[in-house]
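Work through the exercises below with the sequence and the structure at hand. Each task is followed by a solution in steps.

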Amino acid sequence: MKTGRFRGGIHPPSWKESTRLRPIRSLPLPDKLYLLLLQHTGTPLVPLVVKGDRVKRGQKIADVEAYISAPLHAPVAGKVLAIEDWPHPCQGKFPAIVIENDHTEEEEKRDPLDTREIEALDRSFLREWIREGGLVGLGGAAFPTHVKVSPPEGKTIDTLILNGAECEPFLTADERVMIEDPENILLGGRILKQCCGAGRLVIALEDNKSESERSIRRLLDKDPGVAELITLPTRYPQGSEKHLILSLLKRWVPPGGLPFDVGVVVSNVQTSRAVGRMAREGLPLIDRVITVSGDAISQADNLSVPLGMRLIDILEGCGGLKTEPRKIIMGGPMTGIAQVQLDVPVVKGTSGFLFMSEITEKKEFPCIRCGRCVSTCPMNLVPSALARFSEFRAYDEARNHYALDCIECGVCAYGCPSGIPLTHHIKQAKAEILRKSRKGSQ
């Protein structure tokens, strides 16, 4: 079954060929891991261990008493060498727990979940179980999952969508997970559906992922009625949860609103898989699947890596560089974050690393009023005007023209013939509006 599409967006080259057929493989575990205390959206963590402690694989090592947060667990057994500042992929430097791997693989696991009657399990129990597993959205935003599946008072959820769109160029980690481990994705989806009280479970992917579609459909054929599989036209940013909801259900999340407001919860397929694995194996979120790609790396690949593994160790596991990259990006090329050093470790929100030697340098010219950014903006905004407000520090005007609704997909800047970094300007306006808002509330 195919369904409709949203207004705007683009269809850039996918650049997925180099990794699409690469099965997920694991790299040898490094001798040291660097677990940053800011892994997700929300309150940073506080260490539960001190220098010199011995920890087991799966042991909780950091937590905080805050609703929007999720604990952190040791990916390996070993000794806590230090708690010190370390390069963060988004925040300059941030405190990290450094663990020396003793390679014993001694584990601290919880009992597997009884999944025979998921629909009978208590929702409050499941939400706390998910929180204690350290689960966050693995699509990139890293929002704590237990919060996402807890609708506010008065909000009723009828549909849970598992997001397998993976619309960013180069990235294929979600696609490989859907091909290789659909059982845990479906099990996790059933648990998340029970948590949020939804009656309908939908797995959504773009129509350029035929092998993923076949893999999931084979599973659903054995157990019809558990979930629906829906393919969508390949178009960026189809993976944005607001556009996924619009394409699938014809519901528009209102400005400033959340999927809760239209009766929907959206979860990434890797998050759902992590929930399913924890239910079966008892281990919390201690690793994830990423894509490493780009024309500068010797071997592009899909890798299962532990949290805290440094980029330089991942690079070595991929055979190093074949040419000097001009740009390294964490995530996809449309929304990813440029990296300036190889010591940054994998965090829960890391979907991939790209090593690019050929990048297009756009020379900036004045706006020619062509309107292309307006016609392609999937949020129906006027990016050229928002960027101008930002340049002139007219932040109140930017807010009045819905700057906070920008999803930072990069479509406007991608197509701007004048080379104006529109998304960059709008991000600056959003940051300033939010800063002023926080200051005003104090």
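**Exercise 1: strand 13 and its neighbours**

Val289 has Ser304 as its bridge partner in strand 14. The model is a predicted one.

Task: State how strand 13 is joined to strand 14 and to strand 17, and whether each pair runs parallel or antiparallel.

Solution.
Step 1. Strand 14 covers residues 301–306, and six bridges join strand 13 to it. The two strands run antiparallel.
Step 2. Strand 17 covers residues 352–356 and is joined to strand 13 by three bridges. This pair runs parallel. Here Ser293 has Leu354 as its bridge partner in strand 17.

**Exercise 2: the sheet**

Task: Give the strand order of the open sheet and name its edge strands.

Solution.
Step 1. The order is 1-14-13-17-15-16, with six strands in an open sheet. The pairing is mixed.
Step 2. Strand 1 (25–26) and strand 16 (337–339) are the edges, as each pairs on one side only.
Step 3. At one end of the order, strand 16 is joined to strand 15 (residues 327–330) by three bridges, and the two run antiparallel. Met330 has Ile337 as its bridge partner in strand 16.

**Exercise 3: burial of strand 13**

Task: Decide how many residues of strand 13 are buried, and how they are divided between its two faces.

Solution.
Step 1. Buried means under 20% relative accessible area. Seven of the seven residues of strand 13 (residues 287–293) are buried, so the strand is largely enclosed by the rest of the structure.
Step 2. In a regular strand, side chains alternate between the two faces of the sheet.
Step 3. One side of strand 13 carries Asp287, Val289, Thr291 and Ser293, and the other carries Arg288, Ile290 and Val292. Both faces are covered.
Step 4. Helix 4 lies across strand 13 and strand 14, running at about 125 degrees to strand 13.

**Exercise 4: helix 4 against helix 6**

Task: Describe the packing of helix 4 and helix 6 by axis distance, angle and handedness.

Solution.
Step 1. The axes of helix 4 and helix 6 (residues 210–222) come within 8 Å and cross at roughly 30 degrees.
Step 2. Angles under 35 degrees count as roughly parallel, so helix 4 is roughly parallel to helix 6.
Step 3. The crossing of helix 4 and helix 6 is left-handed.
Step 4. Helix 4 makes the contact through Glu175, Arg176, Met178 and Ile179, and helix 6 through Glu211, Ser212, Ser215 and Ile216.

**Exercise 5: aromatic pairs**

Task: Count the aromatic pairs and find which parts of the chain they tie together.

Solution.
Step 1. Rings pair if their centres lie within 6.5 Å, and planes under 30 degrees apart count as stacked. The count comes to two aromatic pairs.
Step 2. Trp15 and Phe170 are stacked, at 6.0 Å centre to centre and with 10 degrees between the planes. Trp15 lies in the segment before helix 1 (17–20) and Phe170 in the loop between strand 9 (159–163) and helix 4 (173–180), so the pair ties together parts 155 residues apart in sequence. Phe170 counts as buried, at 9% relative accessibility.
Step 3. The ring centres of Tyr34 and Trp86 are 4.1 Å apart and the planes lie at 15 degrees, so this pair is stacked. Tyr34 is in strand 2 (residues 32–36) and Trp86 in strand 7 (residues 78–88), so parts 52 residues apart in sequence are tied together. Both Tyr34 and Trp86 are buried.

Technical notes
Residues are numbered from 1 along each chain as its sequence is written. This is a predicted model: local features need pLDDT of at least 70, side-chain atom pairs count only at pLDDT 80 or more; totals for chains, interfaces and linings use all residues. Side-chain values use heavy atoms; hydrogens and water are left out. Rings of Phe, Tyr and Trp (its six-membered ring) pair if their centres lie within 6.5 Å; planes under 30 degrees apart count as stacked, over 60 as edge-to-face and the rest as tilted. Helices (H or I, at least four residues) and strands (E, at least two) are DSSP runs, numbered from the N terminus. Buried means under 20% relative accessible area, exposed over 50%, partly exposed in between (1.4 Å probe, protein chains only). Two strands pair if DSSP finds at least two bridges between them. Axes are lines fitted to C-alpha atoms, for helices over the stretch in contact, and angles run from 0 to 180 degrees between N-to-C directions. Angles under 35 degrees count as roughly parallel, over 145 as roughly antiparallel, 65 to 115 as roughly perpendicular and the rest as oblique. A crossing is left-handed if the near helix is turned anticlockwise from the far one by less than a right angle, and right-handed if clockwise. Contact means heavy atoms within 4.5 Å.
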